[in-house]
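Student: Please take a close look at one part of this model, the helix that is numbered lowest and the loop that leads into it, and then work outwards to the spaces around it. I would like one connected account rather than a list.

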Amino acid sequence: MTDQLLDFTRTHFVTSAPDITKLPPDAGMEIAFAGRSNSGKSSSLNALCGQNNLAKTSSTPGRTRLINLFEVAPGRCLVDLPGYGYAKVSESMKREWQKALSEYLQKRRALRGIVITMDIRHPLKDLDRMIIDWSIGANLPALILLTKCDKLGVQARREAAKEVKLQLSEFGGSFTIIPFSALRKIGIAEARAVLNNWFQTLAPDAAPAADA
Ligand SMILES: Nc1nc2c(ncn2[C@@H]2O[C@H](COP(=O)(O)OP(=O)(O)OP(=O)(O)O)[C@@H](O)[C@H]2O)c(=O)[nH]1
Ligand SMILES: [Mg+2]
């Protein structure tokens, strides 16, 4: 089990790439943040790392257009991905980002786990369900962050998490679901514990390939 705690506050930027061919060699372990555009992927990654400006965030959906790699410790990276489901960009742009996203998810052998961000007020949209289904098929553990939970009261948060858990029980896989707020720093310790556990227990060369 976890015998060593990673210090997420030491995370630093490695590189940004428009597609997987421009990424560093496909080795080590990567945990990727995926989710709808504007759902809070970049903000959540920053909050987990205790840094405000690591990944770029914006109130305009479609901020993250590249695959961004951040190293927590040697050979252990977090990956900020472009979002999906944002209607207001040109078709050609959308195709480009979505191609980078799906190629990363399907081909990157270093991918060991996925963090799925969903706005706690609008969870489990079609594309979220698709990616959750895909993670089960690819045998990847998934951590669900119900983001922007500061927008709800404590009781409503619990109910939302319970409802998502109930709906996900139909999917079959096992998920950790955490109400999360980058703004109010809620859920950070719980999410770090999950990522730490993955980084420690999923061996770089022992886990199945994502495209298996
Ligand atoms: N209230 C609140 N707002 C948040 C929180 N996290 C993110 N936001 C806001 O949500 C918007 C989108 O955040 P991002 O982190 O850029 O979202 P993203 O999923 O990375 O978006 P793309 O890169 O465009 O796909 C920004 O205006 C953030 O300030 C949160 O915990 N609480
Ligand atoms: Mg982003």
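Tutor: In this predicted model, Asn-38 counts as partly exposed, because its relative accessibility of 35% falls between the 20% and 50% limits. Asn-38 belongs to the loop between S2 and H1, and its phi is positive, about 75°, although the residue is not a glycine. Ser-39 is also found in the loop between S2 and H1, but at 4% relative accessibility it counts as buried. The side chain of Ser-39 reaches back to the backbone oxygen of Arg-36, at 2.7 Å. Leaving aside neighbours within four places in sequence, Ser-39 is in contact with Thr-117, Met-118, Asp-119, Thr-147 and Lys-148.

From this loop one passes into H1, which is mostly covered, seven of its eight residues being buried. The buried residues are Lys-41, Ser-42, Ser-44, Leu-45, Asn-46, Ala-47 and Leu-48. What covers them includes the strands S2 (29-35), S3 (67-73), S4 (76-80), S5 (111-119) and S6 (142-147), together with helix H5 (188-201). Just after H1, Gly-50 takes a positive phi of about 65°.

Within H1, which spans residues 41-48, Ser-44 deserves a separate look. Ser-44 has a relative accessible area of 2% and is therefore buried. Once residues up to four places away in sequence are set aside, Ser-44 touches Phe-33, Thr-117, Leu-145, Thr-147, Phe-180 and Ala-182. Of these partners, Phe-33 falls within the range of S2 (29-35), Thr-117 within that of S5 (111-119), and Leu-145 and Thr-147 within that of S6 (142-147).

The loop and the helix also meet at the largest pocket, whose volume is about 520 Å³. That pocket is lined by 30 residues, and those nearest its centre are Gly-40, Ser-42, Ser-43, Ser-44 and Thr-57. H1 gives the most to this lining, with six residues. By class, the lining of the largest pocket has 18 polar, seven charged and five nonpolar residues.

The surroundings of ligand 1 bring in part of this helix too. There are 22 residues around ligand 1, of which Lys-41, Ser-43, Gly-62, Thr-64 and Asp-150 come nearest; of these, Lys-41 is one of the buried residues of H1. Three polar approaches to oxygen atoms of the ligand can be described. A backbone N or O atom of Ser-58 lies 3.0 Å from an oxygen atom of ligand 1, and a polar side-chain atom of Lys-148 lies 3.0 Å from an oxygen atom of ligand 1, while for a polar side-chain atom of Ser-181 the distance to an oxygen atom of ligand 1 is 3.4 Å. Lys-148, it may be recalled, is among the residues in contact with Ser-39.

The second largest pocket offers a useful contrast in its lining. The space in it comes to about 240 Å³, and the residues that line it are Tyr-84, Gln-98, Leu-101, Ser-102, Leu-105, Gln-106, Leu-127, Met-130, Ile-131 and Trp-134. The elements that give two or more residues to this lining are helix H2 (91-107) and helix H3 (126-137), with H2 supplying the largest share, five residues. The lining of the second largest pocket divides into seven nonpolar and three polar residues, with no charged ones, whereas seven charged residues are counted in the lining of the largest pocket.

Two further loop positions complete the view. Lys-185 lies in the loop between strand S7 (175-179) and H5, and its phi is near 60°, again a positive value in a residue other than glycine. Ala-27 lies in the loop between strand S1 (12-17) and S2, and at 54% relative accessibility Ala-27 counts as exposed. Ala-27 is 72 residues apart in sequence from Lys-99, and the C-alpha atoms of the two are 21 Å apart in space.

Technical notes. Residues are numbered from 1 along each chain as its sequence is written. Chains are lettered from A and ligands numbered from 1 in the order in which they are written. This is a predicted model: local features need pLDDT of at least 70, side-chain atom pairs count only at pLDDT 80 or more; totals for chains, interfaces and linings use all residues. Side-chain values use heavy atoms; hydrogens and water are left out. Helices (H or I, at least four residues) and strands (E, at least two) are DSSP runs, numbered from the N terminus. Buried means under 20% relative accessible area, exposed over 50%, partly exposed in between (1.4 Å probe, protein chains only). Contact means heavy atoms within 4.5 Å. On a 1 Å grid over the protein atoms alone, a cavity is a set of points where a 1.4 Å probe fits but cannot get out, and a pocket is an open set with protein on both sides within 12 Å along at least five of seven lines; lining residues have an atom within 4 Å of a point. Grid points are joined across faces, edges and corners, and a volume is the space filled by probe spheres set on the points. Ala, Val, Leu, Ile, Met, Phe, Trp, Tyr, Cys and Pro count as nonpolar, Asp, Glu, Lys and Arg as charged, and the others, Gly among them, as polar. A residue is near a molecule or strand if one of its heavy atoms lies within 4 Å of it. A polar contact is a pair of N or O atoms within 3.5 Å; within protein, one must be able to donate a hydrogen and the other to accept it, and residues adjacent in sequence count only if both atoms are side-chain atoms.
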